[in-house]
Amino acid sequence: MATFNYVTKDNMGATLDHKINQGLVTTVLGTPDVSFMNGGKSFTLRDITVSGFKPHSRGKGWNSGEITDSKTVYTMTQDRDIEFSVDRQDVDETNQELSMANVSRVFIEDEVQPEVDSYRFAVMAQAANKKGNTDKTKLTTSNVYSKLKAAILPLRKYGSANIVGFVSSATLDLLERSTEFTRNITNQNVGQTSLESRVTDIDGVKLVEVQDSDRLKTSYNLAEGAKPQSNAVDINYLFVVKQAVIPVVKENAVFMFAPGEHSQGDVYLYQNRLYHDIFIRKSMEDGLFVGLSADIPANQTATEAGGA
C-alpha cells in the first residue's frame, strides 16, 4: 500500500517526503493498436503462412503453393481498480499534502508502475521458460558477457534493432566488471564530476537496467498490489523481440471528485481503474529468452491466488 509521511517535509514545507521510484520500464515495448471484438474483452490476430519456391519445370509451368490462414483469440485478464477517500479537513490540516493530485502521483509511481512491470516480466519469463528458451547458469564476471551473447543469438533472426534486453542491476554490474573483454576509459566516459561505465547495448541490442529487483520475479500475488510469491524465481535478464509481445491497455480511467460532487461524505474521492494485459504472439513464441537464478517450480504461473 502506498504510504505518506505526515511529519517529514523539506525546508519549503510543500513537498512530500516521497521515495523516488523508477518509472514504467516496459514502456519501451510500445502499445500495439488492437481491435476488440464487438467491444468485448478479446481481440483476434491472424497469422498467414505460405509455402516457398519450388523447382521450376519449363515443360509443366507453375508449381502450386499453399496458404494457411489461422487466427488466435487473446482475452484480457487484468482488470484492476482502487478508490481512496480523504476527509476535507485532512487535506487542509496537512497543508495540501493529501490533495488528490499528490495521492494520484504517489499511487501511480509506487503501485501502478511497479505492478504493471512486474506482471509483464513474469508473463514473458514464464513464456520463455515454457518454450525452453532459458538459461539458469550462475552469472559471474567471467561468463556474463558470453551468456548474454548466447541469449541474444537465437533472436537475431528477427533483427538486432527489434530486440530489447531487460537486465537486473546485479547482472549489469557483473557485465560492467566482465573479464571477457577489455574496456578503456576515455574522456568521453568522464564528465566534470562523474564517471559513466554502464554498458547500454550489446551488438546493437539495447539493454535496459531494471533497478527495482522486486519487479524481476517469475510469479506474483495480486491480491493487493504485486507481491512476489515466496517461491518466485529471480530473473537475471530477459531478451524480448518487441513484435513478439502485445502489451495492451484497454482502459485507464482516473476520476477525482471534490466534496459535494458525490454522496460518500465530506471527502475528496479518487478512483483509478486499469484494464491491461500482455500477450505473446503465437507465431513468435520463440522471440523471448530468459536467464533465471533457478528452476521455476512445476505448475507455477505468473500470478497465483495463494499468499505471497
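In which sense do strand β5 and strand β10 pair, and over how many bridges? In this predicted model, the two strands pair in the antiparallel sense over 5 bridges. Strand β5 covers residues 163–168, and strand β10 covers residues 235–241. One of the bridges can be placed by residue: V167 has Y237 in β10 as its bridge partner. Strands of a sheet pair through backbone hydrogen bonds, either parallel or antiparallel.

Two helices pack on the sheet that holds these strands. Helix α2 spans residues 100–131 and touches β4, β5, β7, β10 and β13. Here β7 is residues 205–210 and β13 is residues 288–292. The direction of helix α2 makes about 100° with that of β13. Helix α3 spans residues 144–152. Its contacts are with β4, β5, β6, β7, β10 and β13. The direction of helix α3 makes about 30° with that of β10.

The sheet itself is open and has 6 strands. Their order is β4-β13-β10-β5-β7-β6, and the pairing is mixed. The edges are formed by β4 (134–135) and β6 (201–202). Each has a single partner strand, so one side of each is left without a neighbour in the sheet.

Aromatic contacts were examined next. The whole structure contains 11 aromatic pairs. In one of them, the ring centres of F84 and F107 lie 5.5 Å apart. Their planes stand at 75°, so the pair is edge-to-face. This pair links distant parts of the chain. F84 belongs to strand β3 (residues 78–87) and F107 to helix α2, with their positions 23 residues apart. F107 counts as buried, because its relative accessibility is 12% and the limit is 20%. F84, at 25% relative accessibility, counts as partly exposed.

F84 also pairs with Y270. That pair is stacked, with 6.1 Å centre to centre and 20° between the planes. It too links distant parts of the chain: F84 lies in strand β3 and Y270 in strand β12 (residues 267–280), 186 residues apart. Y270 is buried, with a relative accessible area of 0%.

Further rings form a cluster. Ring pairs link F36, F43, Y74 and F279. A charged residue meets this cluster at F36: K250 lies over the face of the ring, 4.9 Å from its centre. A second charge is placed over a ring at Y275. There the charged end of R273 sits 5.8 Å from the ring centre.

Notes
Residues are numbered from 1 along each chain as its sequence is written. This is a predicted model: local features need pLDDT of at least 70, side-chain atom pairs count only at pLDDT 80 or more; totals for chains, interfaces and linings use all residues. Side-chain values use heavy atoms; hydrogens and water are left out. Two strands pair if DSSP finds at least two bridges between them. Helices (H or I, at least four residues) and strands (E, at least two) are DSSP runs, numbered from the N terminus. Contact means heavy atoms within 4.5 Å. Axes are lines fitted to C-alpha atoms, for helices over the stretch in contact, and angles run from 0 to 180 degrees between N-to-C directions. Rings of Phe, Tyr and Trp (its six-membered ring) pair if their centres lie within 6.5 Å; planes under 30 degrees apart count as stacked, over 60 as edge-to-face and the rest as tilted. Buried means under 20% relative accessible area, exposed over 50%, partly exposed in between (1.4 Å probe, protein chains only). A charge sits over a ring if NZ of Lys or CZ of Arg is within 6 Å of the ring centre and within 35 degrees of the ring normal.
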